[in-house]
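The exercises below concern salt bridges and nonpolar cores in a single protein model. Please work through each task before reading its solution.

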Amino acid sequence: FQRGSRPALRVVLNHDQPPSRAMVLCVASVLSAPSGSGTSSTARVELTDGWYSLPALLDPPLTQQLLRGNLRVGQKLELRCATLSGGPCDPLEDQASEAYLSLFYNSTRRAPVLAKMGFVSRRVGGERPRVGALPVVRLSQVNPWGGPVPALDVTVQRRYPPLFMERLGPSQGQSHIRTAAAEEREAAAYAARVAQRTAVHHEMVRQRLAQECEDFLREAAQQQQRGRRVPQGDPLETA
C-alpha cells in the first residue's frame with residue numbers, strides 16, 4: 001500500500017478496476033521478440049508500476065516498433081483500452097503467473113520521463129488536445145491492425161440527407177433507394193393504391209350482400225304465395 005491505496009497492477013489483477021483504465025507503466029524487460037518482421041508476429045514484454053510487474057502481449061504494430069528500437073526497456077508507456085487475461089488474484093500468487101495484459105498500438109503512447117506511474121487521473125504533460133489520458137489522433141494516424149482507438153479528431157465536411165431503402169422480397173431480389181421526398185411520394189402512392197383496393201373490396205362485399213338479400217326476399221315471397229310461413233330472423237344471419 002502507498003498512502004492507503006494499492007498499486008495499479010494489483011488493483012487490475014484483483015479485478016477491482018478495468019485494465020482499460022488509463023495508466024502509466026514502465027517496460028522492465030523484453031520477454032520474447034520475433035526474429036522476423038512478419039505482420040502477424042507478436043512480442044511479449046514485462047511491465048511494472050514500480051511495485052509489481054506483469055507480462056504484456058504486444059500486437060503486430062507494437063511489435064514492429066519494438067524491433068525498430070522505438071520501444072525499449074526503461075521506457076514509460078501511457079496505456080488505455082488494454083485487456084487482461086487471467087485473475088482475479090494477487091500479484092504474488094501462483095495464479096498471477098498465467099495472467100498477462102494485451103496492448104494495442106492505437107491506444108498506447110510514450111509517456112514523459114517524469115510521468116508518475118500508476119493510474120492516470122489527469123493530463124500527463126504535452127500540449128496536444130487530450131481526452132482522458134491519451135491524445136486525440138487524426139484518422140490518418142490510425143493503424144487498421146492497431147486495435148481500438150480511444151478518441152479521434154475529425155471534422156464533418158458534408159452532411160447528406162437521409163436515404164430510405166425498400167426491399168422487394170427474396171423472390172424478386174431487388175431493392176430501391178430513395179430520398180426523403182421520393183419516399184413521401186411513394187408512401188402517398190401506396191396509400192392511394194391501398195385505398196382504391198379497399199374501396200373495390202367494400203363494393204364487392206356490398207353487392208354480394210345485396211344479392212343475398214334479394215334472393216332471400218324472393219324466396220320468402222314465393223313461400224308466401226304457396227301458403228307457407230315466412231322464415232323468421234335476420235336475412236343476413238340466415239343467408
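**Exercise 1: Salt bridges within the model**

In this predicted model, E186 and R193 form a salt bridge whose closest N and O atoms are 3.7 Å apart.

Task: Verify that the pair E186 and R193 satisfies the distance criterion, and classify the exposure of E186 and of R193.

Solution.
1. The criterion requires a side-chain nitrogen of Lys or Arg within 4 Å of a carboxyl oxygen of Asp or Glu.
2. The closest N and O atoms of R193 and E186 are 3.7 Å apart, and the pair forms a salt bridge.
3. Partly exposed covers the range between the buried limit, under 20%, and the exposed limit, over 50%.
4. E186 has a relative accessibility of 28% and is therefore partly exposed; R193, at 35%, is likewise partly exposed.
5. By this rule, the count for the model comes to 7 salt bridges.

**Exercise 2: A bridge between two strands**

Task: State which elements are tied together by the salt bridge of E166 and R178, and determine whether each partner is buried or partly exposed.

Solution.
1. The side chains of E166 and R178 meet at an N to O distance of 2.6 Å.
2. E166 belongs to strand β11 (residues 164-167) and R178 to strand β12 (residues 175-178), so the pair ties together parts that are 12 residues apart in sequence.
3. E166 has a relative accessible area of 30% and is partly exposed, whereas R178, with 13%, is buried.
4. Both residues also belong to a network of salt bridges that links E166, R178 and E183.

**Exercise 3: A bridge within one helix**

Task: Locate the salt bridge of R218 and D215 with respect to helix α3.

Solution.
1. The closest N and O atoms of R218 and D215 are 2.9 Å apart.
2. Both residues lie in helix α3 (residues 180-225), with a spacing of 3 residues, about one turn of the helix.
3. R218 is partly exposed at a relative accessible area of 43%, and D215 is partly exposed at 34%.

**Exercise 4: The nonpolar cores**

Task: Describe the largest nonpolar core and the contacts of L101.

Solution.
1. The largest nonpolar core has 25 residues, and L47, L58, L101 and L103 have the most contacts inside it.
2. Elements that each supply at least two residues of this core include α1 (8-13), β1 (23-32) and β6 (100-103).
3. Leaving aside neighbours within four places in sequence, L101 is in contact with residues including L9, M23, L25 and L54.
4. A second, separate core has 5 residues, among them A22, V24, A111 and V120.

Note on methods:
Residues numbered from 1 in each chain as written. Predicted model: local features only at pLDDT ≥ 70, side-chain atom pairs only at ≥ 80, totals over all residues. Heavy atoms only, no water. Helix = DSSP H or I, 4+ residues; strand = E, 2+ residues; numbered from the N terminus. Buried < 20%, exposed > 50% of the residue type's maximum accessible area, 1.4 Å probe, protein only. Core = buried A, V, L, I, M, F, W, Y, C linked by side-chain atoms within 4.5 Å. Contact = heavy atoms within 4.5 Å.
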